[in-house]
Amino acid sequence: MSVIPCEQNAGLRDQIEMFAEVLKTQAHLLGDHGLDEKEFYNSGVFRGAIERIRGQYSATLRPKREFVQHILNHLEDGKFIEGWDLTEAAERSDYWVRLRESRNAVIALTGGMDGNNVTLFERPDAADEFVIWSIMTNTAGDPRVQTH
């Protein structure tokens with residue numbers, strides 16, 4: 001996992017915007033789908049392929065989870081927290097952290113704060129603290145805002 005500076009790369013963003021426009025207007029010429037231009041864009045193939053690729057990139061949580069777990073281990077080793085547990089809860093409460101004085105924090109781990117993932121969070125009733133931790137790996141995104 002590479003570190004992304006907290007500043008957007010304007011040159012890269014411009015290239016991506018230009019390529020995205022070409023992709024939107026020329027995608028029907030790619031691949032062997034057997035559809036003409038109108039059929040292609042009405043079929044859902046283009047949108048489905050974009051969403052599939054986006055989902056595959058977004059689903060690569062392993063390096064993000066390892067990073068968070070290293071930090072939580074460090075906090076536990078330094079006695080800043082009592083401990084933590086990884087969960088697979090339906091409400092996206094990825095980590096339950098046991099704080100001092102019998103309190104707990106719940107951490108929901110996400111990628112960039114864009115798309116549908118910003119609407120999926122639900123604070124568990126038992127949480128004293130609720131943290132949404134965004135680890136963005138999109139080099140064209142701007143982590144200072146909740147878009148891209």
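Two aromatic rings of Phe, Tyr or Trp count as a pair if their centres lie within 6.5 Å. With that in hand, the rings are a handy place to start in this predicted model. The structure holds five aromatic pairs. One of them joins Tyr-41 and Phe-46, with 5.8 Å from centre to centre and 70 degrees between the planes. Planes over 60 degrees apart count as edge-to-face, so this pair falls into that class. Tyr-41 is also part of something bigger than a pair, since ring pairs link Phe-40, Tyr-41 and Phe-46 into a cluster. As for the surroundings, Tyr-41 is partly exposed, at 30% relative accessible area.

Now for the overall layout. The chain is built from four helices and four strands, and their order along the sequence is simple: α-α-α-α-β-β-β-β. Of its 148 residues, 26% count as buried. The surface exposed by the chain comes to about 10300 Å², and 54% of that is supplied by carbon and sulfur atoms. Contacts can be sorted by how far apart the partners sit in the sequence. Among contacts with a separation of 6 or more, 43% are between residues 24 or more positions apart.

What about the inside? In soluble globular proteins, nonpolar side chains tend to be buried together. Here, the largest nonpolar core has 10 residues: Val-68, Leu-72, Ile-81, Trp-84, Tyr-95, Val-97, Ala-105, Ile-107, Leu-109 and Ile-135. Two or more residues of this core come from each of α4 (62-77), β2 (95-98) and β3 (104-110). The most generous contributor is β3, which gives three residues.

The loop between β2 and β3 has a backbone detail of its own. Most residues other than glycine have a negative phi. Glu-101, which is not a glycine, has a positive phi of about 60 degrees, and its place is in the loop between β2 and β3. Ser-102 lies in that loop too. Ser-102 is likewise not a glycine, and its phi is positive, at about 60 degrees.

Are these two loop residues buried or exposed? Residues count as exposed over 50% relative accessible area. Glu-101 has 73% relative accessibility, so it counts as exposed. Ser-102, with a relative accessible area of 76%, is exposed as well. So the loop between β2 and β3 holds two exposed residues with positive phi, Glu-101 and Ser-102.

Note on methods:
Residues numbered from 1 in each chain as written. Predicted model: local features only at pLDDT ≥ 70, side-chain atom pairs only at ≥ 80, totals over all residues. Heavy atoms only, no water. Buried < 20%, exposed > 50% of the residue type's maximum accessible area, 1.4 Å probe, protein only. Contact = heavy atoms within 4.5 Å. Areas by Shrake-Rupley, 256 points an atom, 1.4 Å probe, with all protein chains shown as cover. Core = buried A, V, L, I, M, F, W, Y, C linked by side-chain atoms within 4.5 Å. Phe/Tyr/Trp six-rings, centres within 6.5 Å; stacked < 30°, edge-to-face > 60°.
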